[in-house]
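Me: I should like to go through this structure with you, starting with any enclosed space inside it. Could you take a look?

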Amino acid sequence: MLTLHPNVPHYRQIYENIKNDIINGNLHANVKLPSIRSLAAHLNISTTPVEAAYQQLAAEGLIESRARKGFFVNELPPEYLRLGIRSSPEHESNSLFPARDTPGGYLYDFHISTIEKEAFPLSSWKKITNDVVSDGRLNLNYGEPQGELGLRIQLVHYLRNFRGVHCRPEQIIIAGDQAYLMFLLSMLLKEKYSDLAIENPGYQLIPAVFRKSGFSILPMPLDEDGINIHSILKCECKLAAVTPSHQFPTGKLMSLEKRHSLLNWARNRNGYIIEDDYDSEFQYDNKPLPSLQGLSENTNVIYLGGFSQILAPAIGIHYMVLPYDLLEDYHRLRIELMLEHPASRLSQFILQSFMEQGYLAKHIRRARKLYKEKHERLVAALETHLGGKVSITGRGAGFHITISVDDSRTSGELCLLAKNKGIRIIDANAFYVKASEPLPPSIMIGFAGILLDQIEPGIKKLAEAWS
């Protein structure tokens, strides 16, 4: 059965699993899907990501909603017949429905959101875990709704030193999932705002939650240095969600000039920028630019961060830094919703001690060195084996590289050819909200989770798959 990964949007995991089950033949035409409420309860999540996944499947013609009956699988649209996706052991174990075919899994897994197990500081984490459990600090009752104060204090120091963020503990809200934070934020903003500008292509979790909260979502094109400012200025919106330090999925870096332009826009509109700074600690070619939030005092920026990529997805700690003028509304909402602790207290106490004792800073320094070496190995392998066929459009930061492929086939077809050879890569074009014309193939290749000595042979195998 499906196990949801915390650092991948839940709606996308549900959507992809059901889509694959339909294409694989595990779900036949006229089969009734679980209700939104029952599937959400089974997965122990809110109904929002399930409903978003069902809506996307319906938009593609894979399922249909029948009045007072529920959702049913349609006859497979012709455009999907040629995909011929087959199940792998990973898909079988991670599927909502049992698979019938189980050929070999991935030989080379270039997933964009995994980490190498050996890179995690397990011995230090285990030591601190034992200390926290045995020294009486662990309180098994409900914690603070904003997250434990000790961890929030550590986050203040960490964000100032690593990202230049200006904040105090009372501005920080901790949660186990970014969707939880976005739900709170959408509730905070919906009385005064109605539109949200987003990057296109971009990370879809934030707009998915805001859409369910009643916001109109306005996709904005990208320039070479990030979101197109002129498009934002032409619309009436006062909210924008961006990934300035490593745009997802293209990998573009927002210029300092554009950062100031965006800050001026938010200030002049009396609006806010939602800054998702998801993997900004890992910059390899340049000194990291400071966060948008940290460029000036009292900025209209809502800052998002987390430890899924810094440490591991299993840590389950995300956070949001609110401007002071939103705190009163937050506390009013917190009381109204009777919010209790938002994330595992044990994980919070362990992470607090991990930071207090200097282990996090040490880990980041070591991880930067490792991931920089992997990044360079991947770039070299691409230039060696696919140099005449691809151009690197996103590099120098984060956990993935984005490439444009000179090929008449689509991104989906190229991903399928790779999969048939045991290689996992990601279709970057899947993150467009909509495209007015056919898109040239664009692929995301992750490098954090794959072993260093597997990168070059994996890319060589990819070149063979595309030849």
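Reply: Certainly; please note that this is a predicted model. The lining of the second largest cavity divides into 2 nonpolar, 2 polar and 1 charged residues.

Me: Which residues line that second largest cavity?

Reply: Leu263, Ala266, Arg267, Thr299 and Asn300 line the second largest cavity. Its volume is about 40 Å³.

Me: And how many cavities of 30 Å³ or more are there?

Reply: The count comes to 3 cavities of 30 Å³ or more. The largest cavity has a volume of about 90 Å³.

Me: Which elements give two or more residues to the lining of the largest cavity?

Reply: These are strand E5 (195-199), helix H9 (205-212), strand E9 (239-242) and strand E10 (272-276). Among the lining residues are Ile198, Glu199, Tyr203, Ile206, Val242 and Asp276.

Me: How does that lining divide into nonpolar, polar and charged residues?

Reply: The lining of the largest cavity has 7 nonpolar, 2 polar and 2 charged residues.

Me: Changing topic: in what order do the 4 strands of the open sheet come?

Reply: The order is E13-E14-E17-E16, with antiparallel pairing. Strand E13 (390-394) and strand E16 (426-427) are the edge strands, each pairing on one side only.

Me: How many bridges join E13 to E14?

Reply: E13 and strand E14 (residues 400-405) are joined by 4 bridges. Ile392 has Ile403 in E14 as its bridge partner.

Me: Which helix lies across E13 and E14?

Reply: Helix H14 (residues 359-386) does, and H14 also lies across strand E17 (442-446). The helix runs at about 15° to E14.

Technical notes: Residues are numbered from 1 along each chain as its sequence is written. This is a predicted model: local features need pLDDT of at least 70, side-chain atom pairs count only at pLDDT 80 or more; totals for chains, interfaces and linings use all residues. Side-chain values use heavy atoms; hydrogens and water are left out. On a 1 Å grid over the protein atoms alone, a cavity is a set of points where a 1.4 Å probe fits but cannot get out, and a pocket is an open set with protein on both sides within 12 Å along at least five of seven lines; lining residues have an atom within 4 Å of a point. Grid points are joined across faces, edges and corners, and a volume is the space filled by probe spheres set on the points. Ala, Val, Leu, Ile, Met, Phe, Trp, Tyr, Cys and Pro count as nonpolar, Asp, Glu, Lys and Arg as charged, and the others, Gly among them, as polar. Two strands pair if DSSP finds at least two bridges between them. Contact means heavy atoms within 4.5 Å. Axes are lines fitted to C-alpha atoms, for helices over the stretch in contact, and angles run from 0 to 180 degrees between N-to-C directions.
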